[in-house]
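Student: Could we go through this structure together? I would like to begin with how its elements are assigned.

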Amino acid sequence: MSNMQQNFNAGQTKGNAQAKTEEWVESAQNTANAARDKASNAAQSTHDSAQQGADQSAGFLQQTSEKVANMAQGAVDGVKNTLGMGDKTSHK
């Protein structure tokens, strides 16, 4: 093989290697971008779920506290009635 042919082949091989390297770099960048997007979406989803859970917990606690307050008032009224201290309403 002539020196000129060897130089041509070497240049062609180098060009192919550079092209392949650029292809791999682009592929890696695309993969990294996709992973970043998925991570961002997962973080947003987690945030949204946590917020929804907090909202539901707040509503549950509000309902529970109202039930406890009503039960306590009922107990107080029951004790008052037992002791004869309850509200006296006339029934005809």
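Tutor: Helices (H or I, at least four residues) and strands (E, at least two) are DSSP runs, numbered from the N terminus. Val 79, for example, is found in helix α1. Please note that this is a predicted model, in which local features need pLDDT of at least 70 and side-chain atom pairs count only at pLDDT 80 or more, while totals for chains, interfaces and linings use all residues. Residues are numbered from 1 along each chain as its sequence is written, and side-chain values use heavy atoms, with hydrogens and water left out.

Student: How many helices and strands are there in the protein?

Tutor: The protein has one helix and zero strands. Helix α1 covers residues 3-83.

Student: What is the radius of gyration of the protein?

Tutor: The protein has 39 Å, whereas a compact globule of 92 residues would be near 12 Å. The radius is taken over C-alpha atoms, and the globule rule is 2.2 Å times the number of residues to the power 0.38. Along its principal axes, the C-alpha trace spans about 125 × 20 × 10 Å.

Student: How far apart in space are Ala 35 and Ala 69?

Tutor: They are 51 Å apart, C-alpha to C-alpha, with their positions 34 residues apart in sequence. For Gly 59 and Ser 49, ten residues apart along the chain, the C-alpha separation is 15 Å. Gly 59 lies in helix α1.

Student: What share of the residues is buried?

Tutor: Buried residues make up 1% of the 92. Buried means under 20% relative accessible area, exposed over 50%, and partly exposed in between (1.4 Å probe, protein chains only). Ala 35 is partly exposed because its relative accessibility is 43%, and Gly 59 is partly exposed at 31%.

Student: And how much area does the protein expose?

Tutor: About 8200 Å², of which carbon and sulfur atoms supply 56%. Accessible areas come from the Shrake-Rupley method with a 1.4 Å probe; for residues, only the protein chains shown count as cover.

Student: Turning to charges, how many salt bridges are there?

Tutor: The count comes to two, where a salt bridge is a side-chain nitrogen of Lys or Arg within 4 Å of a carboxyl oxygen of Asp or Glu. One joins the side chains of Glu 23 and Lys 20 at 3.5 Å, N to O. Another joins those of Asp 37 and Arg 36 at 3.4 Å, N to O.

Student: Why are Glu 23 and Lys 20 separated by about one helical turn?

Tutor: Because they are three residues apart in helix α1.

Student: Is Arg 36 buried or exposed?

Tutor: Arg 36 is exposed, since its relative accessible area is 51%. Its partner Asp 37 counts as partly exposed at 40%. In the other pair, Glu 23 is partly exposed at 45%, and Lys 20 is partly exposed at 38%.

Student: Which residues form a nonpolar patch on the surface?

Tutor: Val 79, Leu 83 and Met 85 form one, with about 330 Å² of accessible area together. Patches are made of residues with over 30% relative accessible area and no salt bridge; like charges are joined within 9 Å, and nonpolar side chains (Val, Leu, Ile, Met, Phe, Trp, Tyr) within 5 Å.
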